[in-house]
Amino acid sequence: MELGRTLTIARHTTNTPTAATDPAEYDFVCGGRSRSFDMSANRFDRTIPDLTNPGAPLVKAEGSGIQNRTFQISGLQINNTAGKGMLEDARQARDWYYLISVPGWGDFSGKYNVSITLAGELEGDMTYDANFSLADGSTEAFTAEV
């Protein structure tokens with residue numbers, strides 16, 4: 001059984017990684033209380049009518065299309081280096097290298113873009129909801145968990 005808090009995202013310190021998944025080159029985005037990682041593929045129709053009996057009922061067949069990877073994290077806004085950098089990545093609409101660690105599976109790294117929503121009440125701490133989408137599939141690297 002894995003702990004949800006070990007599903008993490010970290011921001012590269014300089015945006016020029018020497019080894020795409022070297023955790024020493026990344027700083028954790030902190031304050032996350034809820035997080036999720038979605039890896040899916042678009043589905044497309046591959047249904048072909050029966051050539052010998054065109055009137056027969058069709059059986060749907062699907063193929064896998066473009067893969068999608070997104071990471072969501074929500075929590076308390078922490079103004080450490082990675083937190084401030086994440087805010088700037090969203091404000092400047094710039095792509096940056098991030099490392100997503102998925103317990104029981106491995107590490108995904110690549111250039112991601114981030115969108116952010118900040119919220120706060122009159123009393124209480126500032127919170128954020130951040131969504132990360134892979135910006136450049138050719139930058140992605142995966143290292144399986146050992």
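In the predicted model, glutamate 88 is partly exposed, with a relative accessibility of 27%. The side chain of glutamate 88 meets that of arginine 91 in a salt bridge, with an N to O distance of 2.7 Å. Both residues belong to helix α1, where a spacing of 3 residues places them about one turn of the helix apart. Arginine 91, in contrast to its partner, is exposed, at a relative accessible area of 61%. Together with Thr81, Arg91 is carried on the face of α1 that is turned away from the buried side of the helix.

The buried side of α1 comprises Ala82, Gly83, Gly85, Met86 and Asp89. These residues lie on the same side of the helix because the arc they cover around the axis is only 165 degrees. Their packing partners are strands β1, β2, β5, β6 and β7.

The sheet in question is open and consists of 7 strands, arranged in the order β2-β1-β5-β6-β7-β4-β3 with antiparallel pairing. Its edges are formed by β2 (26-28) and β3 (32-45), each of which pairs on one side only. On average, neighbouring strands of the sheet are turned by 35 degrees against each other, direction ignored. Helix α1, spanning residues 81-91, packs on this sheet and touches β1, β2, β5 (96-102), β6 (106-119) and β7 (127-144). The direction of the helix makes an angle of about 75 degrees with that of β6. At one end of the strand order, β1 (residues 8-12) and β2 run antiparallel and are joined by 3 bridges. Within this pairing, arginine 11 of the chain stands opposite aspartate 27 in β2.

The largest nonpolar core contains 18 residues. Those with the most contacts inside this core are Ile9, Phe71, Met86, Tyr98, Ile100 and Phe132. At least two core residues are supplied by each of β4 (62-76), α1, β5, β6 and β7. The greatest contribution comes from β5, which gives 4 residues. Methionine 86 of α1 is thus both a buried residue of the helix and one of the core residues with the most contacts. Apart from neighbours within four places in sequence, methionine 86 is in contact with Arg11, Val29, Gln77, Tyr98, Val114, Ile116, Tyr128, Ala130 and Phe132. Two of these partners, Tyr98 and Phe132, are themselves listed among the core residues with the most contacts.

Charged side chains were examined next. The model contains 6 salt bridges. One of them joins glutamate 62 to arginine 43, at 3.3 Å from N to O. This pair links distant parts of the chain, with glutamate 62 located in strand β4 and arginine 43 in strand β3, 19 residues apart. Both partners are partly exposed: the relative accessible area of glutamate 62 is 39%, and the relative accessibility of arginine 43 is 46%.

A further salt bridge connects aspartate 89 with arginine 94, whose closest N and O atoms are 2.6 Å apart. Aspartate 89 is buried, at 1% relative accessibility, whereas arginine 94 is partly exposed, with a relative accessible area of 24%. These two residues also take part in a network of salt bridges that includes Arg11. Arg11 is, in addition, among the residues in contact with methionine 86.

Positive phi values occur in loop residues other than glycine. Alanine 93, which follows α1, lies in the loop between α1 and β5 and has a phi near 50 degrees. Alanine 93 counts as exposed, at 69% relative accessibility. Asparagine 15 has a phi near 70 degrees and is placed in the loop between β1 and β2. In contrast to alanine 93, asparagine 15 counts as buried, its relative accessibility being 15%.

The loop between β1 and β2 also holds proline 17. Leaving aside neighbours within four places in sequence, proline 17 is in contact with His12, Glu25, Tyr26 and Tyr97. The C-alpha atoms of proline 17 and methionine 86 are 17 Å apart, and the two residues are separated by 69 residues in sequence.

How values were computed. Residues are numbered from 1 along each chain as its sequence is written. This is a predicted model: local features need pLDDT of at least 70, side-chain atom pairs count only at pLDDT 80 or more; totals for chains, interfaces and linings use all residues. Side-chain values use heavy atoms; hydrogens and water are left out. Two strands pair if DSSP finds at least two bridges between them. Axes are lines fitted to C-alpha atoms, for helices over the stretch in contact, and angles run from 0 to 180 degrees between N-to-C directions. Contact means heavy atoms within 4.5 Å. A nonpolar core is a set of buried Ala, Val, Leu, Ile, Met, Phe, Trp, Tyr and Cys residues joined through side-chain atoms within 4.5 Å. Buried means under 20% relative accessible area, exposed over 50%, partly exposed in between (1.4 Å probe, protein chains only). The arc is that of the directions from the helix axis to the C-beta atoms. A salt bridge is a side-chain nitrogen of Lys or Arg within 4 Å of a carboxyl oxygen of Asp or Glu.
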